[in-house]
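Please walk through this fold with me, from strands to sheet to core. Keep the viewer open and follow each residue as it is named.

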Amino acid sequence: MNFVTSSVVPAATGEVKVKKDKNKNYVINVTVLNLADPKKLTPAKESYLVWMESSGNSVKKLGQIDTSSGLLSKTRKGEVSATAVAEPTRVFITAENDVSLQYPAGDVVLTTNRK
């Protein structure tokens with residue numbers, strides 16, 4: 001799954017790779033590039049959280065993206081890996097002020113198309 005171009009962070013791109021492991025769980029790897037520092041958004045936020053939606057529209061938090069910039073690179077890259085029992089039908093990233101949220105409250109920054 002690839003992320004749809006965002007109106008909030010238009011330079012951001014990324015992909016989601018989903019595969020089943022030997023225990024029949026879904027391993028979800030999310031990679032994003034060119035994700036702006038959340039403190040530079042309008043309004044400013046503290047961090048990016050990754051969420052998945054599965055059949056029945058249940059939403060689960062997969063983790064927090066730490067945006068980092070290498071010494072030789074200006075590409076801002078973030079990654080999250082998670083395991084889920086259900087297959088994701090959509091993965092999305094929100095900009096949030098509270099990383100302990102259990103349900104998304106902020107603006108959706110990037111999203112995949114629904115299956």
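Helices (H or I, at least four residues) and strands (E, at least two) are DSSP runs, numbered from the N terminus. This is a predicted model: local features need pLDDT of at least 70, side-chain atom pairs count only at pLDDT 80 or more, and totals for chains, interfaces and linings use all residues. Residues are numbered from 1 along each chain as its sequence is written, and side-chain values use heavy atoms, with hydrogens and water left out.

Start with the overall count. The protein has nine strands and zero helices. Read from the N terminus, the order of elements is β-β-β-β-β-β-β-β-β. Of its 115 residues, 37% count as buried. Buried means under 20% relative accessible area, exposed means over 50%, and partly exposed lies in between (1.4 Å probe, protein chains only). About 6,700 Å² is exposed, and carbon and sulfur atoms supply 49% of that area. Accessible areas come from the Shrake-Rupley method with a 1.4 Å probe; for residues, only the protein chains shown count as cover.

Next, the contacts. A contact means heavy atoms within 4.5 Å. Among contacts with a separation of 6 or more, 58% join residues 24 or more positions apart.

Now the sheet. Two strands pair if DSSP finds at least two bridges between them. Strands of a sheet pair through backbone hydrogen bonds, either parallel or antiparallel. Here, five strands make an open sheet in the order β1-β9-β8-β4-β5, with antiparallel pairing. Its edge strands are β1 (3–4) and β5 (58–65), each of which pairs on one side only. At the β1 edge, two bridges connect β1 to strand β9 (residues 107–112), and the two run antiparallel. Val4 has Thr111 in β9 as its bridge partner.

At the other edge, β4 and β5 pair in the antiparallel sense over seven bridges. Their hairpin has three residues between the strands, and Gly56 there takes a positive phi near 85°. Leu49 stands opposite Gln64 in β5.

Stay on β5 for two residues. Which strand holds Gly63? Gly63 has its place in strand β5. Gly63 counts as buried because its relative accessibility is 18%. Beyond its neighbours within four places in sequence, Gly63 is in contact with Tyr48, Leu49, Val50 and Val80. Trp51 is twelve residues from Gly63 in sequence, and their C-alpha atoms are 7.3 Å apart.

Gln64 also has its place in strand β5. Is Gln64 buried or partly exposed? Gln64 counts as partly exposed, because its relative accessibility is 36%. Not counting residues up to four places away in sequence, Gln64 touches Ser47, Tyr48, Leu49, Val80 and Val99. Val99 lies 35 residues from Gln64 in sequence, with a C-alpha to C-alpha distance of 7.2 Å.

Another hairpin comes from β2 and β3. Strand β2 (residues 13–20) and strand β3 (residues 26–33) pair in the antiparallel sense over eight bridges. Gly14 stands opposite Val32 in β3. Five residues lie between the two strands, and Lys24 in the turn has a positive phi of about 65°.

Then look inside. In soluble globular proteins, nonpolar side chains tend to be buried together. A nonpolar core is a set of buried Ala, Val, Leu, Ile, Met, Phe, Trp, Tyr and Cys residues joined through side-chain atoms within 4.5 Å. The largest core has 22 residues, of which Val30, Leu35 and Tyr48 touch the most other members. At least two residues of this core come from each of β3, β4 (47–54), β5, β7 (76–84), β8 (88–96) and β9. A second, separate core has five residues, including Leu49, Trp51, Val59 and Phe92.

Val30 repays a closer look. Leaving aside neighbours within four places in sequence, Val30 is in contact with Phe3, Glu15, Val16, Val50, Gly78, Glu79, Val80 and Val91. One of these, Glu79, has its place in strand β7. Glu79 and Val30 are 49 residues apart along the chain, yet their C-alpha atoms are separated by 5.5 Å. With the same sequence neighbours left aside, Glu79 is in contact with Val30, Thr31 and Ile65.

Finish at Phe92. The charged end of Arg90 sits over the ring of Phe92, 4.3 Å from its centre. The criterion is NZ of Lys or CZ of Arg within 6 Å of the ring centre and within 35 degrees of the ring normal.
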